[in-house]
Amino acid sequence: MKALKQLWTILVSVALLLAVWEGIVCFAGISPALLPSPFEVMKAIAELSRNGILKQNILASLWRFAVGYTLAISSGTLLGIIIGWYKPLFDYLNPVLQFLRPIAPVAWMPFIVLFWGIGDLPAIVIIFIAGFFPVLLTTARSVINLEPVYLKIAANYGVKSPSVLWKIVFPAVFPQIANSFHIALGSAWIFLVSGEMVGTQSGLGYMIVDARNNMRSDHLLAAMVVVGAIGLILDLLIARAELSILKFWGQTDVH
Amino acid sequence: MYIEIEHARKTFLKQNGEVFRALEDVTLSIDRGEFVCLLGASGCGKSTLLNILAGFESLTSGSIRIDGKPVRNPKQEYVMIFQQYGLLPWRSVRKNVELGLETKKISRAERSKIAEEYLELVGLSGFAEQYPRNLSGGQQQRVAIARALAVKPEILFMDEPFGALDPITRCRLQMDLQQIVRNETHTVIFVTHDIDEAICLADRIVLMEANPGRIKNIFPVKLNRPRYRSSPDFILMRQRILREFFPENDSKIEYFI
């Protein structure tokens with residue numbers, strides 16, 4: 001029943017968006033070349049799927065995303081645990097990290113292109129930067145704020161460093177780390193498009209640039225719709241995984 | 001004596017720069033196999049003393065020796081049980097009990113056997129593969145007790161272990177604890193602010209006072225076990241302790257037994 005109601009709200013909300021969009025196209029007298037109607041975009045999506053371009057670009061994007069995101073969360077977690085555990089290290093690094101964090105990942109683009117040229121790597125590096133900081137900082141902070149009782153128990157039962165890190169510390173903060181994976185996924189996906197707008201010849205970001213260059217606003221919107229849809233699906237998947245982690249750790253009342 | 005606390009002093013610097021005297025000149029000896037309750041209102045330093053005894057904190061001055069050796073670090077022989085159970089939520093009940101055995105040279109099969117044994121002792125056989133989240137507070141504390149006993153400690157430190165439980169569960173655990181401890185003949189130092197709980201469990205009650213934290217009085221409890229809250233001796237004991245806390249109320253007590 002609850003799921004049905006949720007589905008209903010989603011349908012209504014999407015229908016509303018399409019109606020507003022269609023209304024603007026119909027009544028504002030905007031040329032279809034500037035703002036295609038939802039139907040035109042649907043047709044564009046169908047066309048792009050039929051000739052395989054869409055699939056090819058989605059796969060290219062997902063591959064880059066998988067590489068960049070996996071590198072970001074694994075290195076972010078590992079380094080986060082280390083700098084959280086050795087508190088002085090965190091104290092010295094934190095000002096620098098706080099300084100670097102607000103710089104948009106795309107701002108690094110010229111350097112990235114200079115160092116690594118064009119191809120897959122620049123996009124992967126951008127995705128990496130976007131995902132790395134939230135994971136690193138959340139992990140470090142949650143290790144620092146770890147419930148003291150866990151450390152007392154480790155000491156009492158003779159669990160020594162470094163095994164205390166993987167036996168106690170990492171599992172104890174894992175729910176917080178999982179939450180940072182969720183946040184990182186969102187920002188990494190957002191920056192995927194900008195990462196692919198420079199220096200690549202494939203991917204959803206490239207599709208957008210290509211459509212702009214060819215003045216194909218229907219293709220452009222088609223790519224945007226696909227980016228949004230995939231982002232939404234990824235978010236739903238990770239939210240579900242996060243919830244089951246929280247449940248497993250006994251940190252939620254939802255059963 | 002087994003545990004010797006001499007002129008123990010512990011001070012903290014408060015946020016506003018004032019010195020907080022958590023413990024002031026505490027001297028106490030405890031025998032092997034004794035069950036001692038540290039009883040007092042919050043702020044009397046009873047938990048601080050327990051944490052220092054267990055090696056989690058250090059004294060500002062004075063000395064504490066257990067079995068002739070000064071206390072420096074936590075040890076597997078002296079195990080602490082916490083009010084919030086301190087179970088590891090990502091481990092099954094059995095794996096929680098096995099925690100202390102993993103650092104010893106014990107085979108996997110043997111660990112599992114020991115865990116089962118102690119879970120049975122605390123009345124939780126059949127719960128081994130459950131996770132802490134599926135257990136009630138009382139059951140979780142039983143798991144924590146099983147985990148502590150599994151390493152065969154010489155001393156159990158208990159920091160208000162039943163403080164978060166409802167009164168009925170608390171009573172049941174107090175009764176079971178007496179039984180378990182009798183059988184395993186451990187030395188137990190038990191912190192509580194519940195007078196009845198202290199009378200129920202202790203061989204000796206150490207009454208503590210705040211500002212600065214110190215020992216006010218020591219009462220041997222010479223009641224037969226099992227102890228019943230409604231027995232005349234129990235009530236008399238409670239009366240004596242209450243009088244220590246509220247001497248001004250003496251005139252208002254309506255009857256003495």
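These questions and answers go through a predicted model with chains A and B.

Me: Over how many bridges do strand β1 and strand β2 of chain B pair?
Reply: Strand β1 of chain B covers residues 3-13, and strand β2 of chain B covers residues 19-30. They pair in the antiparallel sense. One opposed pair is K10(B) and L23(B), the latter in β2(B). The number of bridges between the strands is eight.

Me: Which residue takes a positive phi in the hairpin of β1(B) and β2(B)?
Reply: The hairpin has five residues between the strands. The phi in question is near 90 degrees. The residue is G17(B).

Me: What is the bridge partner of I3(B) in β4(B)?
Reply: β1(B) also pairs with strand β4 of chain B, residues 61-66, in the antiparallel sense over five bridges. I3(B) lies within the residues 3-13 of β1(B). Its partner in β4(B) is I66(B).

Me: Which elements give two or more residues to the side of chain B that touches chain A?
Reply: In the contact between the chains, 17 residues of chain B meet 11 residues of chain A. By class, the chain B side has 11 nonpolar, five polar and one charged residues. The elements of chain B that give two or more residues are β6 (78-81) and α2 (93-102).

Me: Which helix gives the largest share of the largest nonpolar core?
Reply: This core has 135 residues, and I127(A), A188(A) and F157(B) touch the most other members. The largest share is 16 residues. It comes from chain A, from helix α6 (residues 120-144).

Me: Why does this core lie between domain 1 and domain 2 of chain B?
Reply: Domain 1 of chain B is made of 30-58 + 153-257, and domain 2 is 87-152. The core lies between them because residues come to it from both domain 1 and domain 2.

Me: Which residues does A188(A) touch, not counting those up to four places away in sequence?
Reply: A188(A) is among the core residues that touch the most other members. I127(A), another of these, is also one of its contacts. The full list is F65(A), G68(A), Y69(A), A72(A), I127(A), A130(A) and G131(A).

Me: Which helix gives the most to the side of domain 1 of chain B that touches domain 2 of chain B?
Reply: The centres of these domains, taken over C-alpha atoms, are 27 Å apart. In the contact, 11 residues of domain 1 meet 10 residues of domain 2. The domain 1 side divides into eight nonpolar, one polar and two charged residues. With five residues, the helix that gives the most is α5 (residues 167-184) of chain B.

Technical notes: Residues are numbered from 1 along each chain as its sequence is written. Chains are lettered from A and ligands numbered from 1 in the order in which they are written. This is a predicted model: local features need pLDDT of at least 70, side-chain atom pairs count only at pLDDT 80 or more; totals for chains, interfaces and linings use all residues. Two strands pair if DSSP finds at least two bridges between them. Helices (H or I, at least four residues) and strands (E, at least two) are DSSP runs, numbered from the N terminus. Two residues are in contact if their C-beta atoms, placed from the backbone, lie within 7 Å. Ala, Val, Leu, Ile, Met, Phe, Trp, Tyr, Cys and Pro count as nonpolar, Asp, Glu, Lys and Arg as charged, and the others, Gly among them, as polar. A nonpolar core is a set of buried Ala, Val, Leu, Ile, Met, Phe, Trp, Tyr and Cys residues joined through C-beta atoms within 7 Å. A residue is buried if 20 or more other C-beta atoms lie within 10 Å of its own, exposed if 12 or fewer, and partly exposed in between; C-beta atoms are placed from the backbone. Domain bounds come from an automatic or database domain assignment.
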